[in-house]
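Biologist: Could you take me closely through one part of this model, the place where the two chains meet, and then follow the side chains outward from there? I would like one connected account rather than a list.

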Amino acid sequence: MQSIARKKDVVSSVVVFAGALWAFLEAESFSSGAAIFPKGVAGLMMILSVIMFMRAVAFPSFLADTIGNMDSWEFRRMAIAAVGTVAYILLIIPIGFVEASILYMLVNCYGLKYRNYKVVVITSVVFAFLVSSLFQRYFHTPWPEGVLSRLY
Amino acid sequence: MLHDIIGGLVGMLDPLTILMMILGTLIGIVIGALPGIGASLGIALAIPFTYGMGPLPALALLAGIHTGNGQGAAIPAILFKIPGSAGSMVTSWDGYPLALKGKAGGAINLSAVSCAVGGILSAISLMLLTQPLVAISRSFGPPEIFWVNVFGLATVAALLGNDIIKGLLSACLGLLIGSVGIDTVTGAERYTFDSVYLINGLPDVAVMVGIFTLPPAWELVTRDRDAVGNAALGIKIVSERIWRFAQVWKVWALSSLIGIINGILPGSAIASFLAYSEAKRISKHPEEFGKGSIEGVAASECVGSADNASAMIPTLALGIPGSNVAVLMLSALQIHGMTPGPQLFSDHGTIVYGYAWAMVITSLLLIPLAGAGAARIFAYLLKVPIILLLPLIIVTSVAGTFAWQNSMSNVFIMLASGVVGLAMIRYDFPIAPVVIGLVLGTKAEFNLRVSLLLSDGDWSIFVSRPISIVIMLMTLALLMYPIYRALADRRANRVSQAQAEAELD
């Protein structure tokens with residue numbers, strides 16, 4: 001477990017240092033008053049990331065407990081869930097909120113191997129229409145126009 | 001103060017507000033009953049929905065979710081030994097044996113009443129203890145407020161994770177995100193990449209919803225294997241009363257006190273265990289603990305809800321949140337135009353006390369809404385496949401974030417925040433400090449710069465005023481404590497290792 005924590009800390013300290021360095025250099029172009037705070041915060045991040053790196057390399061016994069790596073079953077399922085979410089969000093404007101939501105719920109359940117199709121279809125359709133109409137009625141939300149309403 | 005307390009109660013008796021409290025409590029119970037979905041996720045999901053409401057109904061809804069969640073988590077803990085939250089794990093130690101003895105309904109009734117007692121006493125502490133803290137903070141100038149903001153950030157960074165360095169880095173990330181957009185003092189653009197969308201900064205709600213809802217939702221699908229098998233058990237729920245007042249009142253009083261103190265002084269995850277062991281210590285039948293003790297269930301449920309409202313005392317008075325939910329409530333207040341501190345009580349006293357009343361009323365609602373009768377219905381929720389929950393959470397998050405400003409860009413920000421949040425969780429970074437950095441960052445920067453203007457750029461203003469020095473020292477002590485603990489643990493490990501080796505020799 002300690003080797004996993006060590007690897008995680010080394011990777012994250014390098015990433016954080018790089019990000020903080022970029023934020024610090026970017027803040028150089030701000031006017032002096034506007035730069036104080038972001039430069040201070042970015043500087044602090046760089047110092048902390050160096051400490052984190054040194055701790056991981058030189059004093060690994062000080063590392064806190066870590067969550068273990070996912071097994072392939074878990075990783076595959078989480079990847080399906082996350083990629084499905086990205087695809088769903090990208091589809092909202094082209095095909096509409098209700099249509100994208102129904103499609104996402106159906107594909108997601110299929111991808112995650114849930115095979116009770118009757119439940120999935122009913123839940124998807126009812127929930128998508130319920131959320132959409134609730135927001136339209138009470139919050140006057142102008143959802144992106146759907147392909148179905150464009151056709152008919 | 002009395003005027004505001006009465007005004008708050010009157011405000012809470014509005015039909016819409018009552019409806020929101022009932023709705024919130026029901027949602028909270030449902031969310032709590034589903035393992036893996038905590039109060040933070042529920043409140044983060046609900047915040048965009050409150051934007052079109054007045055502050056009282058909005059806070060009533062959020063208070064209901066917060067209160068209901070604690071009791072909801074007890075239902076699977078008692079029925080199936082599946083704790084809906086970390087705190088309800090202790091409940092399962094005695095609740096489940098009671099269920100096996102055919103007293104599931106009685107145990108659920110007892111947990112609902114215990115939750116209600118803890119919640120009510122905690123809300124009363126919120127009403128009574130906040131004002132004295134506010135009175136102290138009235139003497140604060142910009143340097144002191146700056147240090148209070150830093151203390152708030154340090155509290156969350158140090159206590160809501162298990163690594164102080166990572167907690168501080170998370171808070172710094174929030175501060176940097178908060179500095180995106182036009183600088184309100186000089187008008188300079190910061191980290192906007194010449195994008196019109198970023199001129200007003202990153203939307204708090206989108207970041208908060210993304211970071212608090214997407215990662216736990218994505219992680220839900222990895223738990224599916226465990227949940228299905230256990231939930232298949234069939235336990236009868238018969239509504240009955242299995243406790244006497246004389247049997248539990250001392251446990252309720254003690255657990256409430258522990259819970260209230262735990263809420264005010266955050267960071268202790270051991271409150272449930274402490275209350276449980278204290279209840280065992282004062283019990284006439286300590287041998288029943290772990291085998292179906294009435295006092296055991298009463299203690300763990302009472303302490304779990306007793307820190308709900310009390311955690312809001314430092315949050316409302318000083319802007320120092322001590323829990324994930326308090327961080328979200330702080331954000332919700334800001335979204336509704338209220339800034340914690342003395343001004344909050346002079347400008348919105350009715351709303352603050354209205355919130356405390358909402359915690360009282362929603363706690364009372366637990367008895368009819370979350371007792372054994374209702375638990376029969378909620379028990380069915382555990383049969384809902386977790387795979388179905390994921391898209392429901394995602395669609396609701398997307399809808400709420402989009403509807404907040406009718407902007408698809410906010411949804412993309414939410415998605416990006418979710419991805420960052422997931423990476424942070426997988427790499428053991430706490431996520432709450434990001435949100436608190438985002439919320440407190442603007443205030444901290446404002447007070448830093450006003451202080452420097454007052455002192456003509458002399459930084460000694462931050463270390464030359466007595467209250468500033470006190471808060472600064474408290475912050476340093478808070479930051480040093482985890483380091484001291486780590487060193488002490490290491491020393492103790494070495495000693496025990498040496499002893500073990502000596503014994504082997």
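Modeller: I will begin with a single tryptophan, W218(B), which, leaving out residues up to four places away in sequence, touches M78(A), A81(A), A82(A) and T85(A) in one chain and L390(B), I394(B), L415(B), G418(B), V419(B) and L422(B) in its own. Please keep in mind throughout that this is a predicted model.

W218(B) is also one of the residues that touch the most other members of the largest nonpolar core, a set of 196 residues in which Y88(A), F97(A), F212(B), L390(B), I394(B) and V398(B) share that distinction. Helix α18 of chain B, residues 386-405, gives the most to this core, with 14 residues.

Taken as a whole, the interface brings 66 residues of chain A into contact with 62 residues of chain B, and the two chains bury about 5600 Å² between them, of which 79% is on carbon and sulfur atoms. Eight residue pairs, with both partners at pLDDT 80 or more, are in polar contact between chain A and chain B. On the side of chain A that touches chain B, the elements giving two or more residues are α1 (2-27), α2 (32-58), α3 (72-95), α4 (97-111) and α5 (117-139) of chain A. The residues of that side divide into 44 nonpolar, 14 polar and eight charged.

As for the charged pairs, three salt bridges are counted between chain A and chain B, while a search of the whole structure, over all chains, finds eleven. One that crosses between the chains joins D9(A) to K166(B), with the closest N and O atoms 2.6 Å apart; the pair runs from helix α1 of chain A to helix α8 of chain B, residues 164-178. Both D9(A) and K166(B) are buried. The side chains of R55(A) and D163(B) likewise meet in a salt bridge, at 2.6 Å from N to O, and D9(A), R55(A), D163(B) and K166(B) are linked in a network of salt bridges.

Another contact between the chains involves P142(A), which is found in the loop between α5 and α6 (147-151) of chain A and touches F402(B) and N406(B), again without counting residues up to four places away in sequence. P142(A) counts as partly exposed because its relative accessible area is 48%, and its C-alpha atom is separated by 9.6 Å from that of S132(A), ten residues apart along the chain.

Moving to pairs within a single chain, E28(A) forms a salt bridge with K39(A), the closest N and O atoms being 3.7 Å apart. E28(A) lies in the loop between α1 and α2 of chain A and K39(A) in helix α2, so the pair ties together parts that are eleven residues apart in sequence. E28(A) is partly exposed at 46% relative accessibility, and K39(A) is partly exposed at 26%.

In chain B, the side chains of E144(B) and R465(B) meet in a salt bridge at 2.8 Å, N to O. Because E144(B) lies in helix α7 (residues 142-159) and R465(B) in the loop between α20 (432-454) and α21 (466-504) of chain B, this pair ties together parts that are 321 residues apart in sequence. E144(B) is buried, with a relative accessible area of 3%, whereas R465(B), with 30%, is partly exposed.

Technical notes. Residues numbered from 1 in each chain as written. Chains lettered and ligands numbered in written order. Predicted model: local features only at pLDDT ≥ 70, side-chain atom pairs only at ≥ 80, totals over all residues. Heavy atoms only, no water. Contact = heavy atoms within 4.5 Å. Buried area = accessible area lost by both parts, 1.4 Å probe. Salt bridge = Lys/Arg side-chain N within 4 Å of Asp/Glu carboxyl O. Polar contact = N/O pair within 3.5 Å; in protein donor to acceptor, adjacent residues only side chain to side chain. Helix = DSSP H or I, 4+ residues; strand = E, 2+ residues; numbered from the N terminus. Nonpolar A, V, L, I, M, F, W, Y, C, P; charged D, E, K, R; others polar. Core = buried A, V, L, I, M, F, W, Y, C linked by side-chain atoms within 4.5 Å. Buried < 20%, exposed > 50% of the residue type's maximum accessible area, 1.4 Å probe, protein only.
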